[in-house]
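Visitor: I am new to this structure and would like a close look at a single part. Could you take me to the largest pocket and tell me what lines it?

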Amino acid sequence: MASTTKPIQKILDSTKIASLSKFVRRPPIDPQTPIQGKVRNPNSNAFKEHVKREGVRLQKALNAITHGKNIFVYHNVRTKQVVYSLTRYLEKNNLLRQMIYHGKKTVPAEVRRDMWVPYYSVHFSDSKLGLRAYQLLREFSMQRQLAPPKEMITVTEEFLAAKRPKDPNQAEIFDKMNKKRLGNTMEKKERARVLMDQKATSVADVAAVLSIQQEEIANGLLSRDGSRGYLTRKARQRRREALHENAERAKEGAARIGALEEQLSQRSGEVVKIGEVEGVNPQTPETVKILWQDVHDAHYAESWVPNVQHGKLERTRNSIIAGELRLDNPDVIADNEFKELKE
């Protein structure tokens, strides 16, 4: 009796393939597909534009699978700037939108790939919590840079000690010139350097956001209908229309992903499924998991709420030497695995 072998099943991570795969960014379209009312030549601008738009729609459908459940944080090795991403890859437009202008050469004309490396990642079991945390982290970062607290940009003994030369003669001259600056506001370049350094404040922001979310969960952030308090008739109607629109969009996205799975299966000879490869999210909705590139960075926060679990990221060569992996998408600045280190 002949034994039937099960087909090999391959699971692809949707948070990685959405922007790094040429097959996703330029999906194969049937040349007989009607475009703008009639069949177009594959070499025409209309056909190329249709392929481009379908690639964007497919990327959005892939991102929607885990949208909001994960926050991936990158930092600049030179300026110590911190940016947040909802995908494992860091796109150029997303990066530039989070960079604040603090003066000349604080926002580069061209972003260097070899400067951005993983910092940490935050994982939630509910997308509402992740999206809310992402919103607060972006707001806190922007508020601190645009309206910094006075003590942050004031010249102190510790600030001068870090800049004091090691040579005794030069140190004496430095003290005479800068002693009168104590208690005054920093110069423009010094202020820019301090405000761009967000490594410590980013960790403190995450701890504060998770503490805020504990109160929001108690107030009904994770309720079934998503409402907190009384809603008017028009508000309920708008909510029903939004839910219906989201359901239709999810149905269209599922159809696109199903077609992509079928095409990839035909090309590779394997059964390809697209989803989240590693479920690092705990079962309880209140529990949050943070994976650190360097677990000692967690000490930047004064305290953590009890529902936080800490772990380590797997340290790869690309996590140390940024930009070593050659990417096929010029809009992607960095792409790292953000895999949990299994001990």
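Guide: Here is a walk through the largest pocket, followed by two of the helices beside it.

A word on the model comes before the tour. This is a predicted model, in which local features need pLDDT of at least 70, side-chain atom pairs count only at pLDDT 80 or more, and totals for chains, interfaces and linings use all residues. Residues are numbered from 1 along each chain as its sequence is written, and side-chain values use heavy atoms, with hydrogens and water left out. The pLDDT is the predictor's confidence in each residue, from 0 to 100. Its mean over the chain is 83, and 86% of the residues reach 70 or more.

Now to the pocket, which holds about 780 Å³ of space. On a 1 Å grid over the protein atoms alone, a pocket is an open set of points with protein on both sides within 12 Å along at least five of seven lines, and lining residues have an atom within 4 Å of a point. Grid points are joined across faces, edges and corners, and the volume is the space filled by probe spheres set on them, with a probe of 1.4 Å. There are 21 lining residues, and A64, H67, N246, R249 and A250 are the closest to the centre. By class, the lining has 9 nonpolar, 5 polar and 7 charged residues; Asp, Glu, Lys and Arg count as charged, Ala, Val, Leu, Ile, Met, Phe, Trp, Tyr, Cys and Pro as nonpolar, and the others, Gly among them, as polar.

Which helix gives the most to this lining? That is α10, with 11 residues. Helices α3 (45-63), α5 and α10 (233-268) each supply at least two; helices are DSSP runs (H or I, at least four residues), numbered from the N terminus.

Two of these helices also meet each other. The axes of α3 and α10, lines fitted to C-alpha atoms over the stretch in contact, come within 9 Å and cross at roughly 100°, on a scale from 0 to 180 degrees between N-to-C directions. Therefore α3 is roughly perpendicular to α10, a label for angles of 65 to 115 degrees. In contact (heavy atoms within 4.5 Å) are E54, R57, L58, A61 and L62 of α3 with G253, R256, I257 and L260 of α10. These residues divide into 5 nonpolar, 1 polar and 3 charged.

Terms used: Parallel < 35°, antiparallel > 145°, perpendicular 65-115°, else oblique.
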